[in-house]
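Hi everyone, thanks for making time for this. I'd like to walk you through a structure I've been looking at, stopping at a few places along the chain. Here it is on the screen.

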Amino acid sequence: MKNKNKLLLILLAVFIGLQFFRPKGIDHGTKAPDLANVPKQVNAILRSSCFDCHSSEVNLRWYDKITPANFLVASHIRDGRKALDFSKWASWPKAQQNTIIYYSINKILSGEMPIPSYAAVHSYAKLNQSEINILKNYALTLSPRKIADSAQISSAEKQYNEWINGTLKHSSVKPSPNGLPYIPDYRNWKAISTTDRFDNGTMRIIFGNEIAVKAIQEKQTNPWPDGTVFAKTAWKQQMKKDGSIGAGEFLQVEFMVKDAKKYAETKGWGWGRWKGNDLKPYGESTDFDKECIECHKPMENQDHVFTSPLYLISQLKKIQK
Ligand code: HEC
Ligand code: HEC
């Protein structure tokens with residue numbers, strides 16, 4: 001036999017042998033119910049693009065059942081279901097459903113979902129622009145933007161100008177229950193990110209102090225250096241007659257102050273939130289910050305920080321390619 005044929009035979013034998021190794025069975029017997037109270041088209045799009053990994057049903061193609069591809073697909077499905085299971089839709093309160101829709105669209109727009117390597121092989125999972133628009137338009141109906149009246153606009157403008165000019169009196173602002181003092185100077189820092197929560201009608205701007213900005217420039221952001229401070233502000237969105245959207249009522253500002261030693265017990269960060277125009281400290285007890293840490297936990301491996309400007313830029317480049 002020629003060497004080339006021998007090699008092919010060996011490869012074939014190995015391949016057949018491999019087929020005896022299979023991932024632990026995943027349950028894909030249960031058909032997931034349609035998403036209730038959601039337009040038909042939205043339901044159909046999420047079903048075809050996301051349910052393979054995010055519901056109790058799975059549509060394995062023949063090529064998904066071949067070792068080693070099946071291991072990869074099974075792990076995607078297992079992790080995907082753990083992260084988000086649309087079969088449980090009906091059990092979620094409406095606000096949670098809205099947040100999931102918002103969060104899902106963000107994952108789609110950032111190119112993270114459906115997992116690109118999966119969508120490359122399963123073309124039905126890919127979303128085209130018109131499908132993305134259908135999802136976005138649906139999300140917009142969840143928090144319809146009402147046109148503000150002139151009293152609302154002038155009150156918000158007054159508030160915003162006071163904020164910009166720093167004319168609000170801050171001497172009376174009390175520290176957070178855990179002792180973190182309020183930092184009025186954040187208005188002069190650099191804005192490093194913004195998020196538009198169209199699901200609940202707020203806009204947020206995240207500011208970083210000089211140390212944070214330097215760390216970003218030098219790509220030393222995991223962990224962030226001691227002295228880093230982030231301020232996240234939230235405003236209600238306000239729509240004018242011409243459809244333009246700006247900052248309405250000031251809702252709150254939150255701080256994260258990095259000091260690995262001093263704040264060792266709270267993951268290396270000092271946490272504080274001040275609410276409303278009179279900057280009332282948030283929290284009933286000294287350990288109110290447990291709530292902050294709990295929600296920032298998914299970012300454990302990024303020093304508990306969600307905002308990652310560098311990552312976003314590289315992600316954008318990937319999509320534009
Ligand atoms: C091939 C399987 C697969 C497909 C298809 C897929 N996902 Fe995912 N998804 C995953 C996995 C795996 C994770 C968990 C990844 C992680 O935590 O890093 C995940 C995580 C997510 C999360 C984050 C959940 C959380 O709380 O962390 C969202 C939101 C999400 N997917 C939305 C979608 C949407 C919307 C679609 C359809 C457009 C989709 N996914 C399609 C596998 C998939
Ligand atoms: C419901 C979940 C949740 C809770 C609770 C929460 N955060 Fe956050 N936080 C986020 C998310 C998500 C972001 C990313 C920015 C965005 O999407 O608005 C963020 C961002 C931030 C940022 C900007 C830096 C970063 O990580 O991106 C600060 C500062 C911050 N939060 C402070 C706090 C403080 C202080 C508390 C507690 C009083 C708190 N957060 C509680 C979800 C939460």
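Let me start in a loop: P223 sits between helix α8, residues 210-217, and strand β3. The peptide bond that leads into P223 from N222 is cis, with omega near 5°. Before I go on, please keep in mind that this is a predicted model.

There is another cis bond to show you. M113 and P114 are joined by a cis peptide bond, and here omega is about -10°. P114 is also in a loop, the one between α4 and α5, where α5 covers 116-121.

While we're on backbone geometry, have a look at the loop between α9 and α10, the latter being 309-320, where you'll find D303. D303 has a positive phi, near 60°, and it is not a glycine. H304 lies in that loop between α9 and α10 as well, and its phi is near 65°, again positive in a residue other than glycine. Are these two buried or exposed? D303 counts as buried because its relative accessible area is 10%, under the 20% cut-off. H304 is buried too, at 6% relative accessibility.

Let me step back for the overall picture. The protein has 10 helices and six strands. Of its 321 residues, 40% count as buried. The exposed surface comes to about 19,500 Å², with carbon and sulfur atoms supplying 58% of that. If you take the contacts with a separation of 6 or more, 62% of them are between residues 24 or more positions apart.

Now to helix α2, residues 40-54, which is where R47 lies. R47 is an arginine that counts as buried, since its relative accessible area is 15%. What does its side chain make a polar contact with? The partner is the side chain of D34, at 2.5 Å. Leaving out neighbours within four places in sequence, R47 is in contact with K31, A32, P33, D34 and E57. For a sense of spacing, the C-alpha atoms of R47 and L35 are 8.9 Å apart, and these residues are 12 apart along the chain.

D52 is in helix α2 too. At 2% relative accessibility, D52 is buried. Its side chain makes a polar contact with the side chain of Y118, at 2.6 Å. A polar contact of 2.4 Å also joins the side chains of D52 and Y124. So which residues does D52 touch, not counting those up to four places away in sequence? They are E57, V58, N59, I77, Y118 and Y124. R81 is 29 residues from D52 along the chain, with 9.2 Å between their C-alpha atoms.

On to the strands, and two threonines. T202 lies in strand β2, residues 202-208, and it counts as buried because its relative accessibility is 9%. The T202 side chain has a polar contact with the side chain of R204, at 3.1 Å. Beyond its neighbours within four places, T202 is in contact with several residues, including T195, D196, W235 and L251.

The other threonine, T233, is in strand β3, residues 229-239. T233 is buried, with a relative accessible area of 0%. Setting aside neighbours within four places in sequence, its contacts include W163, Y186, M203, F207 and F250.

A quick stop at helix α9, residues 290-296, for C292. This cysteine is buried, at a relative accessible area of 15%. C292 and T266 are 26 residues apart in sequence, and their C-alpha atoms are 9.6 Å apart in space.

Last topic: empty space inside. Rolling a probe the size of a water molecule over the atoms shows where such space is left. How many cavities of 30 Å³ or more does a search of the whole structure find? It finds two. I'll show you the second largest, which holds about 30 Å³ of space. Its lining is made up of L46, F86, I100, I101, S104, I105 and L135. Helix α4, residues 94-109, gives the most to that lining, with four residues. By class, the lining has six nonpolar residues, one polar and no charged ones.

That's my tour. I'm happy to take questions and to go back to any spot you'd like to see again.

Technical notes. Residues are numbered from 1 along each chain as its sequence is written. Chains are lettered from A and ligands numbered from 1 in the order in which they are written. This is a predicted model: local features need pLDDT of at least 70, side-chain atom pairs count only at pLDDT 80 or more; totals for chains, interfaces and linings use all residues. Side-chain values use heavy atoms; hydrogens and water are left out. On a 1 Å grid over the protein atoms alone, a cavity is a set of points where a 1.4 Å probe fits but cannot get out, and a pocket is an open set with protein on both sides within 12 Å along at least five of seven lines; lining residues have an atom within 4 Å of a point. Grid points are joined across faces, edges and corners, and a volume is the space filled by probe spheres set on the points. Ala, Val, Leu, Ile, Met, Phe, Trp, Tyr, Cys and Pro count as nonpolar, Asp, Glu, Lys and Arg as charged, and the others, Gly among them, as polar. Buried means under 20% relative accessible area, exposed over 50%, partly exposed in between (1.4 Å probe, protein chains only). Contact means heavy atoms within 4.5 Å. Accessible areas come from the Shrake-Rupley method with a 1.4 Å probe; for residues, only the protein chains shown count as cover. A polar contact is a pair of N or O atoms within 3.5 Å; within protein, one must be able to donate a hydrogen and the other to accept it, and residues adjacent in sequence count only if both atoms are side-chain atoms.
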